Amino acid sequence: MSATAYRTHRCGALSRAEVGRQVRLGGWVHRRRDLGGLVFVDLRDRDGLVQLSCNPAWSPAPVMERAAALGAETVVLVTGTVQLRPEPARDADLTSREVEVHVTGLEVVGPAQTPAIPVARKEKEELPAEELRLRHRVLDLRRPELQANMQLRHRLLQRARQVLTELEFLEIETPILTKPTPEGARDYLVPSRLHPQEFYALPQSPQIYKQLLMVAGYDRYFQIARCFRDEDLRADRQPEFTQIDLEASFVSPDDVQNVVEQVLLELWQEAGVQVDRPFPRLGYREALEQYGSDKPDLRFGLEIRDLSPLVGHDAASFVTEARAAGSRLRGIVVSGGGAFSRKEIDGLAALAKEAGAGGLIWARRAAGGWEGQGVKAAGSTLLERLGGSEGDLLLAVVGTDAVSSSALHAVRTALTRLPGVKRLTDHAFCWIVDFPLFETDADSGEHVPAHHPFTAPHPADLSQLKLDPGSCRALHYDAVYNGNELGSGSIRITDPAVQREIFSLLGLSEEDIRRRFGFLLDGLGAGAPPHGGFALGFDRIVMLLAGATSLRDVIAFPKTTAARALFEGAPAPVDPADLRALHLEAKP
């Protein structure tokens, strides 16, 4: 309800229906135009803009005087009559721009200093530097683009709550002050004043608590959860973030994926996009083989092919030697890619090298046959066996699977941004399944969880857990959209003995296990149903649906990539007396 003691309508809500009515408005001065005795003001609130017309024919002299002196971002209260704007000045895209308000009263209630950054900008005008905008975030948040993002965020949150409630999930809050436990990143630690030298941790996720809720018999849980991770940041990461967290009992991976698909379809529908389900499923190794990534962008074809079986005796020595050492020749055939310029191809080659490849083999099929430096490298035999059509471009890499996957993923990603590359669809979801349970730490060579240590091993691989843990698959699944990971989930370990074995494989002693995870093992020992769940990265979803390029454009008060809050100035030094109360001392 927009009507209050100060206003009858929001600015952006006025339409033809109000023509002739007396209205009261409140808002910010977006722009002022003084046309020789006539003053026009665009007044803005969260619903949009309306034009105020100040004319001596209906506006008293004090109103004209105040209107002529208005500065940008000043807050005013206005009274007046709604009238249709002259035909040439109407804007069919904005309901309120069909009308204007003939002002009879105007009062300044919020004088504003000259804005440090502009809120009103001309079309295609560049934004100020992001750091400057973050230092003046209150002004930045007034921009119509960010207001639209925040309103979309609100609508998506309510839609998620609605659909999960309809699916009989209970919204339950879990603790923010909790026990330090490893989940793949550093914890933010909070010292306890009442318990010297002891610390809480801010949760990296509600993982253990939601499992315990399943053990406690709540069957279906969800939460719009705030999570905290002390890790290096990127454009799509923040130290504190929001996820749509859910868990359910007596479920299989298909059951969880079915729920997540329903949530995602509802969210995309709220943003005005219709998508289909079920989502296709790709095995982890299949995704790496065909797309070089476990987050493949399926809007395009551009599948990676194993070219090794096509290699003949006339391939370059570095190709045949690499194959003899166990490497493969893999590549992408780009239909119509022969039209790319040499500069564009050289740019792709540079990306392949940055990703670890020795170089990029390329050849294009012209009317007279294949041409380019790749003809000698790949050999005529391979190119003849490859076939293809005039205008095709071959891009290939020789190396280990890890190298060729990384390099060809980088090349493929760059290809999707080049003009002329055909897009098959605008919205491509998929599930990635059959992840490995463990990865090998590059520094120590030891096993580490591919995701987190509470993921259940695939039942078919359980017998290999002690003999060859690296070969075990996990009951883990990721949801991917247009090359972006939307979230991860898994079926959880419910047998305390298996959970202990996983902890042991990760190098934890029995004393460490009891100290850090005793409460979880005790809970599982009380009788745990089979259960699993998922967590959707809500900030990332809003970013994608808003068409934004950074999470900071869909979060009200975000941190920088250095984890600083520039507007409020956090983190900040603490008074030594406050530290002493916490039994701490800050050392230089």
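# A tour of a pocket, a cavity and a buried serine

Begin with helix H4, which gives the most to the lining of the second largest pocket, with 5 residues. The model on screen is predicted.

Keep H4 selected, residues 144–166, and add strand S1 (22–34), strand S2 (39–45) and strand S3 (48–54); these are the elements that give two or more residues to the lining of the second largest pocket. The space they border has a volume of about 400 Å³. To find its centre, select His-30, Arg-44, Leu-49, Pro-144 and Glu-145, the closest to it of the 23 lining residues. Now colour the lining of this pocket by class: 13 residues are charged, 6 are nonpolar and 4 are polar.

Next, turn to the closed spaces. A search of the whole structure finds 3 cavities of 30 Å³ or more. The second largest cavity has a volume of about 50 Å³. Select Leu-134 and Arg-137, then Phe-557 and Pro-558, then Ala-565, Leu-566, Phe-567 and Glu-568, and the lining of this cavity is shown. By class, the lining of the second largest cavity has 6 nonpolar and 2 charged residues, with no polar ones.

The last stop is Ser-249, in strand S10, which covers residues 240–249. Is Ser-249 buried or exposed? Ser-249 counts as buried because its relative accessibility is 7%, and the cut-off for buried is under 20%. To see what surrounds the residue, select Met-214, Asp-219, Pro-529, Pro-530 and His-531; Ser-249 touches each of these, not counting residues up to four places away in sequence.

Technical notes
Residues numbered from 1 in each chain as written. Predicted model: local features only at pLDDT ≥ 70, side-chain atom pairs only at ≥ 80, totals over all residues. Heavy atoms only, no water. 1 Å grid on protein atoms, 1.4 Å probe; cavity = no way out; pocket = protein on both sides within 12 Å on 5 of 7 lines; lining within 4 Å. Points joined across faces, edges and corners; volume = space filled by probe spheres on them. Helix = DSSP H or I, 4+ residues; strand = E, 2+ residues; numbered from the N terminus. Nonpolar A, V, L, I, M, F, W, Y, C, P; charged D, E, K, R; others polar. Buried < 20%, exposed > 50% of the residue type's maximum accessible area, 1.4 Å probe, protein only. Contact = heavy atoms within 4.5 Å.
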